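Let's walk through this two-chain model together, beginning where the chains meet and then visiting a few places inside each one. Please have the viewer open as you read.

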Amino acid sequence: MSEAKPGARIDRRRFLNLAGLAGAGAGVVAAGVRPAAAGSTPDPDIVNIPNWTQALGAGVNNHPYGVPSPFEKDIVRREVTWLTASSESSVSFTPLYALDGIITPNGLCFVRHHGGEAEIDPARHRLMIHGMVDRPLVFTMEDIKRMPGRTNRAYFLECAANSGMEWRGAQLNGCQYTHGMIHNVVYTGVPLRAFLEAAGVKPKGKWLLAEGADASAMTRSIPIEKAMDDCLVAWAMNGEALRPEQGYPLRLVVPGWEGNMWIKWLRRVEIGDQPWGQREETSKYTDLLADGRSRRFTFVMDAKSVVTNPSPQAPLRARGPNVVSGIAWSGRGTITRVDVSLDGGKNWTTARIEGPALPRSMTRFYLDFDWNGEELLVQSRAMDDTGYVQPTKAELRAVRGSNSIYHNNGIQTWLVRSNGEAENVEVS
Amino acid sequence: MSRSARLGFVAATLFAACAAGLGAASADTIRLGRPALPEEIKAWDIDVRPDGMGLPEGKGSVAQGEELFQNNCAMCHGEFGEGVGRWPVLAGGQGTLKSERPEKTIGSFWPYASTVYDYVHRAMPFGAAQTLQPDEVYAIVAYLLYLNDVVPEDYVLSKENFPKVELPNQGKFYDDDRETTEKAFWKKNPCMKDCKGKVEITNHAAILDVTPDEAGEEGDKPAGAVE
């Protein structure tokens, strides 16, 4: 096994040989890396009849709304309490290290509130369209679900502040914390354009203000071109009603753009001829640069990726065959390629994109590799169909400095030690 | 709304659409929803723009604002807007935006006074949003402007003089320019082999050790670690 190089692809014969060696208990196993079970003693999990094979299990309606296995109890959203002053204006993180594929389960989608989770009776929810329109209108949820042009689309929603705590250096230990302000679900809704056309936007209407019904009455100004292009007014995620924490009964979907603009509990859309300069686009969600000036209206989330396994919450368990797994996404379009490095960016291997690679959606990549127990510096580098290549953190800091808080899409490095444990680091 | 009233609305909308000759909007779309009444728009349309659009009638002085602030705001934001604990600092920080640790407040960072009015009225006090009357919001904004050295102690803020108020950092924002200033990130052929010399670790998260731990978990593994 000592000749195995990180990043080398393994063929089937080699995989079987390695598995055989491991099965015979061969090879030196480092501390923390689990030894393979010896093949000479019968496995009690095979030769003894377990309870679940003997006794009847629960009936079909034991959980009218199913929940994950109790063995998955640790796969939950988490918050970092020191980040914010209150839990009602705060964020929780998606456990990316434990997920696979591209769809985030509804109950694990990260949550960002500014005034807590509004609990809204859908029968009492209204959507108002007004301002520079020919006909100001009010819609009920019943009206909205009867609108023509219903659409299903998978999109990532990434908080503008995702990885924001990492601008000054490696800080939080786990991709749940460094990259977990993101989720990717299939939305069902109707184009925002349909509502704007129903109301009749006047020629001077160049911006719109979207507002939520929660206690922060969240507002953002959005250019009319985006609103007419691909924004959705959505009531369902992954086939069921939006979760309350995701804006039940109605939210705005703003594909590829920073999560702050995806107004939850959407109740009002006003058309105007200029942006409103709201708190969430002046004090917040503006990006301070080194010269003391700030970018505003940095809407698009650039191409980004992270290796979710191995990572600090998901160490390597054994030498030999292993899988680097990760996610990539771009607000500018479709992910076309992801490269993986196991030596801190010296050498790169193009990973395998597996499953749907949809525009402005999370995309899954894998790199099968053989680990001989040496230290690794694992990185991933995403590319999208505009030709944008995910930059290093150093390249980003060279342009922006370290105080812009938002839009940190720099390449992440995990140090994997010889015992398999991983740590968030930065490298030269 | 009763069924007949609802049908009445639908008919009225259709009639209005036809009368105006708006053939472009599809009839299917217009048959859903109903006209928003002026009272309804007034109830929800509380936003205020930098040009003053949306400001209600009213006024308030720094002195009135100080009293209101001490009673409604100071428990989180401090008597002088200096912030209590982790709660936001509202005043001070001028001249810190290029420093290692910028302090971004209304006076040092915010571009528009209109945002202060709009946000205080819309979302503050935290936990009792939209409980302040227009005169009270004018007074609190006046006090905040005073704390940030934007207006004198005897200032009375009103709908009329509001557009004259300018915050120090107003001119320091510009539209997203990533496609020009970061054009180097669009690369045709990124390096694949021997891209750099010696790779050294420059920074460890474990040294900071601020990641939540799972109580009772072995060692100091980050919360949620797969076992």
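Buried area is the accessible area (1.4 Å probe) that two parts lose on being put together, summed over both. For chain A and chain B that area is about 8,400 Å², and carbon and sulfur atoms give 54% of it. A word on the basis: this is a predicted model, in which local features need pLDDT of at least 70 and side-chain atom pairs count only at pLDDT 80 or more, while totals for chains, interfaces and linings use all residues. Residues are numbered from 1 along each chain as its sequence is written, chains are lettered from A and ligands numbered from 1 in the order in which they are written, and side-chain values use heavy atoms, with hydrogens and water left out.

**Where the chains meet**

Chain A brings 111 residues to the contact and chain B brings 87 residues, where contact means heavy atoms within 4.5 Å. Twelve salt bridges are found across this interface; a salt bridge is a side-chain nitrogen of Lys or Arg within 4 Å of a carboxyl oxygen of Asp or Glu. One of them links the side chains of B:D175 and A:R296, at 2.7 Å from N to O. The interface also has 48 residue pairs in polar contact, both at pLDDT 80 or more. A polar contact is a pair of N or O atoms within 3.5 Å; within protein, one must be able to donate a hydrogen and the other to accept it, and residues adjacent in sequence count only if both atoms are side-chain atoms.

On the side of chain A that touches chain B, strand β24 (residues 422–427) gives the largest share, five residues. Helices (H or I, at least four residues) and strands (E, at least two) are DSSP runs, numbered from the N terminus. Here is how the residues on that side of chain A divide:

| Class | Residues of chain A |
|---|---|
| Nonpolar (Ala, Val, Leu, Ile, Met, Phe, Trp, Tyr, Cys and Pro) | 42 residues |
| Polar (the others, Gly among them) | 33 residues |
| Charged (Asp, Glu, Lys and Arg) | 36 residues |

Strands join across the chains as well: β5 (residues 137–140) of chain A and β1 (residues 34–35) of chain B pair in the antiparallel sense over two bridges. Pairing requires that DSSP finds at least two bridges between the strands. Within this pair, A:V138 stands opposite B:R34.

**Inside chain A**

Helix α5 (residues 175–179) holds A:T178. Is A:T178 buried or exposed? A:T178 counts as buried because its relative accessibility is 0%, and buried means under 20% relative accessible area (1.4 Å probe, protein chains only). Its side chain makes a polar contact of 2.7 Å with that of A:H179. Beyond four places in sequence, A:T178 touches residues including A:E166, A:W414 and A:N424.

In helix α6 (residues 192–199) of chain A, six of the eight residues are buried, among them A:F195 and A:L196. A:G200 follows this helix with a positive phi, near 80°.

**Inside chain B**

Chain B contains nine helices and five strands, and 40% of its 227 residues count as buried. B:V165 lies in the loop between β3 (156–158) and β4 (173–175). B:V165 is classed as buried because its relative accessibility is 12%. Leaving out residues up to four places away in sequence, B:V165 touches B:A113, B:L145, B:V150, B:Y155 and B:L157.

Terms used
Buried means under 20% relative accessible area, exposed over 50%, partly exposed in between (1.4 Å probe, protein chains only).
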